[in-house]
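Trainee: I would like to go through the packing of this protein with you, step by step.
Mentor: Gladly; let us have it in view before we begin.

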Amino acid sequence: MTSFELSEEHQDLRAVVADFARKEVAPHCAEWDREHRFPVDTVRAMGELGLFGLHSPEEFGGSGDFTSLCVAIEELGVVDQSIGITLEAGVGLGINPILNFGTQEQKERWLPDLVAGRTLAGFGLTEPEAGSDAGATRTRAELADGEWTVNGAKQFITNSGTDLTALVTVTARTGTKDDGRPELSAIMVPNGTPGFTVEPAYHKLGWHASDTHPLAFEDCRVPEENLLGARGKGYAQFLSTLDDGRVAISALSLGCIRACRDLCVEYAQQRTSFGGPIGRKQAVAFQIADLDLMAHTAHLLTYSAAALKDALPAQPSKKQLAEFKRAAAIAKLYTSENAVAATRIATQVFGGYGFIEEYPVARFYRDAKILEIGEGTSEVQRMLIARGLGLPVE
């Protein structure tokens, strides 16, 4: 059986990231949220700390394992979800596709700066009519005279328009298979390529300090060698990418639950009503006890899935992959839905103050909902779990 006890090295990393989050993020995150501002200098500092290199090989300046990445995302998420998702997407959606599927030349060109946090990369999958339904992808790429010409649009793309963004990997139709299904491939498009337009940022409900844009491609030409992985394997590549991302989102959700629990404990000890702290009231204390139950269970699910990922051999069996996929879906489903529930409980415990933006529970309340949507909706997770049980869900 795989052990998911955190090692001494993981605990040391947790302490380092928690200290960074407390000193460099906590004093400013409310301001970033109000101003919808992506904190470039803080993200660079995260790179200098080595956070974007977690789960990358030493060859490219990285260190640590997948569990290390989850620890860092969790600790950042306890303080600010926007910063947590910036790291999650920077590694999971930016670095990992190149690391897992790129040629040696592609890795040597892009990974050193990405791993060091000097640059960021986005991953363009979602479209107005294609996300969970990747087969509905309309973006096309045609190969002629040694160049791909990309036409189409993507939406909800994280880290795609920052001052640090170097490239976006996009999925596109590159042909049609013998059975009539679209052939999907992944193509890297460097920032500044003619025909590649980063549209104005979204005005989002939450994650205000996270960078998110729609993208447009109009006769955008990139070299043939910008194909990432084998032609026609884009669908399988992004499925693999999302499996890892679900565990990372689970870690971010765990950070949200922990934040709600800790904020409520502190508030319930200080806020008085009817002659004593409200934490003496069962109605309040039991709600906070539920938050601790959520946090404990979310921790077990997150790090058991991360341990399965770290234990996968270079050539995993179908059984090993299926076990990891199921654990990732379960972790993501439970933790994301309970993060939303945790913010609702925290807002209730804070009462009227929970509805005031000066209190962080309001920001966590706004930030949490997207956790049930990104990296595969709750409905998709239930479908994956059901299929793992042998149910042919469509």
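Mentor: Before we discuss individual rings, note that buried means under 20% relative accessible area, exposed means over 50%, and partly exposed is what falls in between. Please also keep in mind that this is a predicted model.

Trainee: Is phenylalanine 238 buried or exposed?
Mentor: The cut-off for burial is under 20% relative accessible area. Phenylalanine 238 has a relative accessibility of 4%, so this residue counts as buried.

Trainee: Which class of exposure does tyrosine 235 fall into?
Mentor: Tyrosine 235 and phenylalanine 238 both lie in helix 7 (residues 234–270), three residues apart, which is about one turn of the helix. The relative accessible area of tyrosine 235 is 41%, and the range between 20% and 50% defines the middle class. Tyrosine 235 is therefore partly exposed.

Trainee: How many aromatic pairs are there, when ring centres must lie within 6.5 Å?
Mentor: Ring centres within 6.5 Å make a pair. By this rule, the count of aromatic pairs is six.

Trainee: What is the geometry of the pair formed by the rings of tyrosine 235 and phenylalanine 238?
Mentor: The ring centres of tyrosine 235 and phenylalanine 238 are 5.2 Å apart, and their planes stand at 90 degrees. Planes over 60 degrees apart meet the cut-off, so the pair is edge-to-face.

Trainee: And how are the rings of tyrosine 267 and phenylalanine 350 arranged?
Mentor: Both tyrosine 267 and phenylalanine 350 are buried. Their ring centres are 4.1 Å apart with planes at 15 degrees, so the pair is stacked.

Trainee: How many residues apart in sequence are the parts that this pair ties together?
Mentor: Tyr267 and Phe350 belong to one aromatic cluster, together with Tyr353 and Tyr359. Because tyrosine 267 lies in helix 7 and phenylalanine 350 in helix 9 (residues 318–350), the pair ties together parts whose separation in sequence is 83 residues.

Trainee: Which helix gives the most to the largest nonpolar core?
Mentor: In soluble globular proteins, nonpolar side chains tend to be buried together. The largest nonpolar core here has 86 residues, of which Leu76 and Leu87 touch the most other members. With 13 residues, the element that gives the most to this core is helix 7.

Trainee: What radius of gyration does the protein have?
Mentor: The protein has 11 helices and 10 strands. For 394 residues the globule rule gives 21 Å, and the protein comes close to this, so it is as compact as a globular protein of that length, with a radius of gyration of 21 Å.

Note on methods
Residues are numbered from 1 along each chain as its sequence is written. This is a predicted model: local features need pLDDT of at least 70, side-chain atom pairs count only at pLDDT 80 or more; totals for chains, interfaces and linings use all residues. Side-chain values use heavy atoms; hydrogens and water are left out. Rings of Phe, Tyr and Trp (its six-membered ring) pair if their centres lie within 6.5 Å; planes under 30 degrees apart count as stacked, over 60 as edge-to-face and the rest as tilted. Helices (H or I, at least four residues) and strands (E, at least two) are DSSP runs, numbered from the N terminus. Buried means under 20% relative accessible area, exposed over 50%, partly exposed in between (1.4 Å probe, protein chains only). A nonpolar core is a set of buried Ala, Val, Leu, Ile, Met, Phe, Trp, Tyr and Cys residues joined through side-chain atoms within 4.5 Å. The radius of gyration is taken over C-alpha atoms; the globule rule is 2.2 Å times the number of residues to the power 0.38.
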